[in-house]
Amino acid sequence: MIGDLPGKGFYLWVLSRCEGGNATKILDRSDGAGGGHLLIKCADGAFEYNERSLIASVVLEAKDRGTPTGGWHYVYDFDPSTAEVARAQIKRFGLKAWVIDGEKELKLPFHANAPDVRNYIADCRAAGAEKIYLTSYRYPSVHRDFPWASFLGEGGVDAMMPDRKSVV
């Protein structure tokens, strides 16, 4: 279990391609595979991602079944428009878990500095996200130019995917 997300989970990327966007079928598939939670892509950079109606139907179906559901956000930077879309999506769908997907765009020399990351995380918490996660490279020790420290410590993420033990 990672934080408050039980069991194995499924990242849903393009909802219209998942069981044709049918929320009941998506949850049936997840349940049949032993899924414990769902993470829906809700934002890409400064833009909303996936149709609002599809996200809403999956979140509602998951809630009815007691399946914890969160959102995930592919982040290119931490400018105000990036945080704005995160806040809006968290509030709109009542998401309690939010995952920051940080990859090559955040590597040095761009560097996601700690104050910008902390402000983004604080904005997500203020919007209603109770748990904030970072997902990134599977082998952090191979990606030393990723600013891991900006996401850790006080005011940082609650957990990492993979977990903190693998960060060197």
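This passage describes the surroundings of strand 5 and the aromatic contacts in a predicted model.

Strand 5, which covers residues 97–102, has six of its six residues buried and is therefore largely enclosed by the rest of the structure. The covering extends to both faces of the strand, since A97, V99 and D101 are buried on one side and W98, I100 and G102 are buried on the other. Strand 5 is paired with strand 4 (residues 69–75), to which it runs parallel and is joined by five bridges, and within this pairing V75 has G102 as its bridge partner. The connection between these two strands passes through helix 3 (residues 80–93), and strand 4, helix 3 and strand 5 together make a right-handed β-α-β unit. Strand 5 is likewise joined by five bridges to strand 6 (residues 131–135), again in a parallel arrangement.

Within strand 5, I100 stands opposite L134 of strand 6. The relative accessible area of I100 is 0%, and the residue is therefore classed as buried, the cut-off being under 20%. When residues up to four places away in sequence are not counted, I100 touches H73, V75, F78, Y120, I121, I132, Y133, L134, T135, F151 and V157. Between I100 and D123, by comparison, the C-alpha to C-alpha distance is 13 Å, with a separation of 23 residues in sequence.

Turning to the aromatic residues, a search of the whole structure finds seven aromatic pairs. One of them is formed by Y11 and W72, whose rings are arranged edge-to-face with 5.6 Å centre to centre and 75 degrees between the planes. Because Y11 lies in strand 1 (residues 8–12) and W72 in strand 4, this pair ties together parts that are 61 residues apart in sequence. The two partners can also be described by their accessibility: Y11, with a relative accessibility of 37%, counts as partly exposed, whereas W72 is buried, with a relative accessible area of 8%.

Ring pairs also link F78, Y120, Y137, F146, W148 and F151 into a cluster; F78, Y120 and F151 are among the residues that I100 touches, and the surroundings of strand 5 and this aromatic cluster can thus be described together through I100.

Charged side chains are also placed over aromatic rings in the model. K41 lies over the face of Y49, at 4.1 Å from the ring centre, while the charged end of R138 sits over the ring of Y139, 5.1 Å from the centre of that ring.

Notes. Residues are numbered from 1 along each chain as its sequence is written. This is a predicted model: local features need pLDDT of at least 70, side-chain atom pairs count only at pLDDT 80 or more; totals for chains, interfaces and linings use all residues. Side-chain values use heavy atoms; hydrogens and water are left out. Buried means under 20% relative accessible area, exposed over 50%, partly exposed in between (1.4 Å probe, protein chains only). Helices (H or I, at least four residues) and strands (E, at least two) are DSSP runs, numbered from the N terminus. Two strands pair if DSSP finds at least two bridges between them. A crossover is right-handed if, with the strands pointing away from the viewer, the path from the first strand over the helix to the second runs clockwise. Contact means heavy atoms within 4.5 Å. Rings of Phe, Tyr and Trp (its six-membered ring) pair if their centres lie within 6.5 Å; planes under 30 degrees apart count as stacked, over 60 as edge-to-face and the rest as tilted. A charge sits over a ring if NZ of Lys or CZ of Arg is within 6 Å of the ring centre and within 35 degrees of the ring normal.
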